[in-house]
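User: I'd like to learn how to read a model with several chains. Could you walk me through it, feature by feature?

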Amino acid sequence: MSPSVLICDDSNMARKQVLRSLPPEWKDSVQVACNGAEALTILRDNSIEILFLDLTMPGIDGIGVLQGIQKLNLNCSVFVISADIQPEMQTKVKALGAKEFMRKPVQSDALLNNLQQHGLL
Amino acid sequence: MPDNKSLTTPKSTSLPAVNKWVLEQINSQITNQLNSGVLVLDTDFNIVLWNRFLQVHTDKVSDNIIGQSIFTAFPELPQRWLSRKLSSVLELNTPSFCSWQQRHHLFELPHTRPITTDSEFMAQNCTFLPIETDTGNRHICILIEDVTDACHYQMQLQKTLAEIAQISRIDGLTQIYNRKHWQDTLEQEYAKARRHDKKLSLIMLDLDHFKLLNDNYGHQGGDKVLIEVSALISALLRVEDTFGRYGGEEFAIILPETDSAGAIELAHRICRIIATTPLIYNDQGINVTVSLGVAQLSREESNYEALITRADSALYEAKLKGRNQVCSAPEVVF
Amino acid sequence: MNEFHLTEDQQDCLQELINIAMGQASDQLARYLDTFVYLKVPSIESVEAKELMITLSQQKNTLAVVSQGFFGYEGIRGESLLLYQEEDSGRIADLLGYEPDELSQDEQLIDISSILTTTFLNVFAQQIDNQLSYNAPKLLPNVQEILSEHLQQMPFTWNLALKVNINYQVTDYSFNCNMILLIPETAITNIKYVLDRVLEEF
């Protein structure tokens with residue numbers, strides 16, 4: 001059974017980059033969100049197991065989504081994929097519950113590696 | 001669609017050994033014939049390479065230079081600032097620049113121009129480039145461009161432009177400011193006074209019976225009087241005051257940060273000096289007097305022209321009251 | 001952005017490449033400046049030559065403009081303009097790690113401009129397998145005539161410019177500047193080819 005996945009990024013290209021890295025059998029259970037607000041709505045109304053999250057988005061940004069997830073006490077594995085790669089940011093997202101931090105442009109093998117390490121593959 | 005393959009960065013191809021050596025010699029000769037200095041440093045800022053340009057323009061010897069810290073070899077360099085700048089090149093892997101317009105020169109190299117310039121040293125534009133070799137070694141390449149000519153001509157140009165500007169501001173006869181410049185200055189002083197709530201006063205003055213003077217002594221006599229009076233008044237003014245020729249025989253003075261009391265005192269002094277100093281023309285003594293009007297900027301005026309009007313009215317009053325005296329515009333009472 | 005006739009995909013790709021470049025450049029800068037840079041998404045708009053002049057003349061508080069040319073392979077070239085407001089220029093020396101009396105305010109503006117321009121463009125170039133060289137940055141006093149003369153005398157004809165609004169916020173105080181990248185028509189055409197190439201990989 002493929003896990004339910006949500007990809008949240010305001011860039012279409014970035015979403016596609018994540019999608020093509022995922023195992024092909026997962027494709028049917030993947031949803032996408034273009035911004036933080038959309039993501040939180042989907043997360044609230046569905047049980048999403050894996051979230052790939054961008055940080056720099058207009059409106060509610062990645063940090064906002066992480067905080068939202070904590071508040072809603074959702075059980076979700078969050079992998080942050082971001083252009084903002086400063087060490088302070090990496091620490092911050094991990095402190096807010098993200099499993100891993102990956103820098104953009106995301107590399108397929110790095111992504112799959114991370115999924116494997118967290119027993120999701 | 002451009003053919004991408006043909007335009008991509010040439011990767012290191014394997015050249016036959018002979019050609020590579022020839023290329024090296026060519027590169028070396030080019031470096032040594034350049035009319036710019038080339039200085040290469042390692043990450044500790046020690047010199048690993050320099051070119052002929054630098055060898056001939058300094059009194060230093062290659063054997064002593066290579067391996068030395070750049071700051072030992074060139075003690076004139078501002079070490080703390082330059083170290084930070086060189087660090088930025090290494091840490092960020094980006095070029096940095098230093099233009100003669102901000103610093104005339106970094107390295108004290110005598111210039112070789114036949115023209116005389118303001119400095120004995122070559123004006124320089126320096127470029128700092130990060131260099132990485134395939135062994136992973138990092139270096140900084142400093143390119144030193146001689147821009148003494150450009151610097152010199154730029155200075156000349158600016159000087160000439162300033163002279164031209166000055167000429168167009170000066171009244172040819174008296175050599176004090178002409179009306180246009182005086183008025184432009186008043187506009188600025190007015191704005192400043194308003195913006196910072198400072199005092200500002202004007203003196204408008206007019207030579208008494210000037211037409212009669214011209215009739216008696218001719219225009220040349222009249223001109224002489226204008227020149228002498230201008231000189232007398234100029235000598236009484238501060239650096240910050242602006243003195244201009246407002247009309248044929250009318251003059252005006254802008255007194256920043258001065259109240260009416262101060263302006264009136266100065267006006268009296270001017271009045272007295274002119275009345276008591278005989279001017280000589282063709283062995284004749286000419287007695288001249290002036291009438292003066294004083295006005296201080298108040299909250300009433302909505303533009304600088306209004307201030308001129310008030311001072312002018314005071315001047316008119318001085319004429320009416322018999323000339324050779326000072327009148328000041330009445331204080332505005334609320 | 002429609003004036004460039006970029007497709008939605010191309011626009012999206014360009015925005016993403018710029019975001020990545022900003023992220024990496026900011027990280028490099030943050031480590032060099034020993035501070036944290038709060039990253040905001042840079043907005044990209046196209047602007048016409050006439051429009052740009054009007055915009056520049058309307059910004060009354062503009063203290064100075066630093067202009068720097070860049071050029072790379074495949075006809076990618078242009079000029080970056082950095083605009084500074086009076087209030088942002090006070091502590092640049094501090095930010096750069098110099099003592100305030102070690103360099104004039106002009107030099108401070110030029111230095112930080114060069115750093116901002118080259119770090120950002122270097123990473124951007126890397127994303128598109130290119131490499132850029134730079135001219136020495138030039139400080140233009142905020143005099144309208146000089147600015148418009150400079151814009152008209154570009155070594156290339158340009159009608160459209162890409163305006164990338166970058167806002168750098170550094171830990172203890174806000175440092176703002178606007179970066180405008182002037183890219184001539186021909187270069188924009190080349191950029192489109194590059195964007196298509198990047199998109200093709202998906």
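**Reading helices, chains and contacts**

Analyst: Happy to. Let's begin with a helix in chain C: H1(C) has 21 of its 26 residues buried, so the rest of the structure largely encloses this helix. Keep in mind throughout that this is a predicted model.

User: How many residues does H1(C) have, and what distance does it reach from its first C-alpha to its last?

Analyst: The general idea first: an α-helix has 3.6 residues a turn, so residues three or four places apart point the same way. Here, H1(C) covers residues 8-33 and reaches 36 Å end to end, close to the 38 Å expected for its 26 residues at 1.5 Å a residue. Right after the helix comes Asp34(C), with a positive phi near 60°.

User: How do I describe two helices that pack together?

Analyst: Two packed helices are described by the angle between their axes and the distance between the axes. In this model, helix H1 of chain A (residues 12-21) packs against H1(C) at about 80°, and the axes are 7 Å apart. Angles from 65 to 115 degrees count as roughly perpendicular, and H1(A) and H1(C) are therefore roughly perpendicular to each other. From H1(A), the contact uses Asn12(A), Met13(A) and Ala14(A); from H1(C), it uses Asp12(C), Cys13(C) and Glu16(C). By class, the residues of this contact are 3 nonpolar, 1 polar and 2 charged.

User: Which element gives the most to the side of chain A that touches chain C?

Analyst: That is H1(A), with 6 residues. Across the whole pairing, 17 residues of chain A are in contact with 17 residues of chain C. The chain A side divides into 6 nonpolar, 6 polar and 5 charged residues.

User: Which chains share the most contacts?

Analyst: The size of an interface is often given as the accessible area lost when the parts come together. Here we can go by contacts instead: of the 2 pairs of chains in contact, B and C share the most. The pairing involves 19 residues of chain B and 22 residues of chain C. On chain B, helix H6 (79-92), strand E3 (96-98) and strand E4 (124-132) each supply at least two residues to that side. H6(B) gives the most, with 6 residues. The chain B side holds 7 nonpolar, 9 polar and 3 charged residues. Chains A and B, by contrast, have no contact joining them, and their closest C-alpha atoms lie 15 Å apart.

User: Is chain B compact or spread out?

Analyst: Start with what it contains: 11 helices and 12 strands. Its radius of gyration is 34 Å, well over the 20 Å that the globule rule gives for 334 residues, so chain B is more spread out than a compact globule. Along the principal axes, its C-alpha atoms fill a box of roughly 105 × 55 × 50 Å. Buried residues account for 31% of the chain. Among its contacts between residues at least 6 apart in sequence, 58% join residues at least 24 apart.

User: And a single residue: where is the place of Asn46(B)?

Analyst: Asn46(B) sits in the loop between strand E1 (36-41) and strand E2 (47-50) of chain B. With 17 C-beta neighbours inside 10 Å, Asn46(B) counts as partly exposed. Leaving out residues up to four places away in sequence, Asn46(B) touches Leu41(B), Gly67(B), Gln68(B) and Ser69(B). Sequence and space can be set side by side too: Asn46(B) and Ser99(B) are 53 residues apart in sequence, and their C-alpha atoms are 23 Å apart.

Definitions and conventions
Residues are numbered from 1 along each chain as its sequence is written. Chains are lettered from A and ligands numbered from 1 in the order in which they are written. This is a predicted model: local features need pLDDT of at least 70, side-chain atom pairs count only at pLDDT 80 or more; totals for chains, interfaces and linings use all residues. Helices (H or I, at least four residues) and strands (E, at least two) are DSSP runs, numbered from the N terminus. The radius of gyration is taken over C-alpha atoms; the globule rule is 2.2 Å times the number of residues to the power 0.38. A residue is buried if 20 or more other C-beta atoms lie within 10 Å of its own, exposed if 12 or fewer, and partly exposed in between; C-beta atoms are placed from the backbone. Two residues are in contact if their C-beta atoms, placed from the backbone, lie within 7 Å. Ala, Val, Leu, Ile, Met, Phe, Trp, Tyr, Cys and Pro count as nonpolar, Asp, Glu, Lys and Arg as charged, and the others, Gly among them, as polar. The expected span of a helix is 1.5 Å times one less than its number of residues. Axes are lines fitted to C-alpha atoms, for helices over the stretch in contact, and angles run from 0 to 180 degrees between N-to-C directions. Angles under 35 degrees count as roughly parallel, over 145 as roughly antiparallel, 65 to 115 as roughly perpendicular and the rest as oblique.
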